[in-house]
Amino acid sequence: MKREPLWEISIVTSLEAEDATVELAGRIFKRPAAVYTNEETKITVVSVYCQKRSEWTLEKRGALREGLRLIKSSGLNIGAGKIAARRVAREDWSESWKRHFKPIEIGARLLIKPGWIKRAPRKNQAVVVLDPGLSFGTGNHPTTAFCLRELAAGRKGGTAQSFWDLGTGSGILAIAAVKLGYAPVRAMDFDPEAVRIARENAQKNRVLRKIRFARQDIAKLPALDQGKYDFICANLISNLLVAERRRIVNRLRAGGRLVLAGILREEFANVQDAYEELGLELATSRIEGEWRSGAFVFSR
């Protein structure tokens, strides 16, 4: 069966503005961006890939333009700042990722690597093999990386710990959780394509039977649930984190840890206030570029 082409949305910028443009594209399209830099000219092209032409809306075009304007006003050279959209074969997209997706180490406990790179892990280092799909989450993005670091640091050897992955995307957090020894592990996403890709990635890592994947809308979950989790990662947009905070907190076990990510720096205080009202306190936080993530525990 012939596979449908993808839509490539690209932004021509400069090496100086690369990080800011990658973060901008990732925030608007809710998926990781590929980057290519010409070593001679130093011209950088940041690209995201969409399943359908309808995902490239006037609103997103306007958001990209406004974001580039703000990056420029901050003093960074954005280069040409040209935005373009074109259809590309899925094979071309796949080869593009192979040039740019590199292994990622999360301390000594976890190694994230693509299947085409042969790299042996360190002693006692868990390995997640992830060939990027269109779903958000490769470990490169600051919000995903923060979740992975917290997940690895929070694993207590010899102790049973359950994990709930909200907004699973590529499935990277759920897969990593199993590899680190969390059980049971549950993962959900509103996007059916994300759930499909996450299941495929779990299958490649031979952990599919250890993860309960579901396509669900968090807003439609029961307000209360008998199921409680020792560790929850919610890598969602801030307005959803605030709106559904009670559903999330009601599923956190006493003594558990809740990681909130996917939050813009200027929106973090509002999210923090909303969760502190429910009896949580900020245990640790990290700012990277435009993003701020935090880990919360119940106040004592």
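In which sense, and over how many bridges, do β13 and strand β14 pair? The two strands, the latter spanning residues 291-298, pair in the antiparallel sense over eight bridges, where pairing requires at least two DSSP bridges between two strands. This is a predicted model, in which local features need pLDDT of at least 70 and side-chain atom pairs count only at pLDDT 80 or more, while totals for chains, interfaces and linings use all residues. Residues are numbered from 1 along each chain as its sequence is written, and side-chain values use heavy atoms, with hydrogens and water left out.

**Sheet**
- An open sheet of seven strands with mixed pairing runs in the order β10-β9-β8-β11-β12-β14-β13.
- Its edge strands, each pairing on one side only, are β10 (211-215) and β13 (280-288).
- Within the β13 and β14 pairing, R292 in β14 is the bridge partner of I287.

**Helix α5**
- Eight of the nine residues of α5 (residues 172-180) are buried (under 20% relative accessible area, 1.4 Å probe, protein chains only), so this helix is largely enclosed by the rest of the structure.
- The buried residues of α5 include I172, L173 and L180, and the helix is followed by G181, whose phi is positive, near 110°.

**Nonpolar cores**
- The largest nonpolar core (buried Ala, Val, Leu, Ile, Met, Phe, Trp, Tyr and Cys residues joined through side-chain atoms within 4.5 Å) has 36 residues, and L110, F163 and I211 have the most contacts inside it.
- The largest share of this core, eight residues, comes from α5.
- Apart from it lies another core of 24 residues, among them L166, L236, L280 and F296.

Definitions and conventions
Buried < 20%, exposed > 50% of the residue type's maximum accessible area, 1.4 Å probe, protein only. Helix = DSSP H or I, 4+ residues; strand = E, 2+ residues; numbered from the N terminus.
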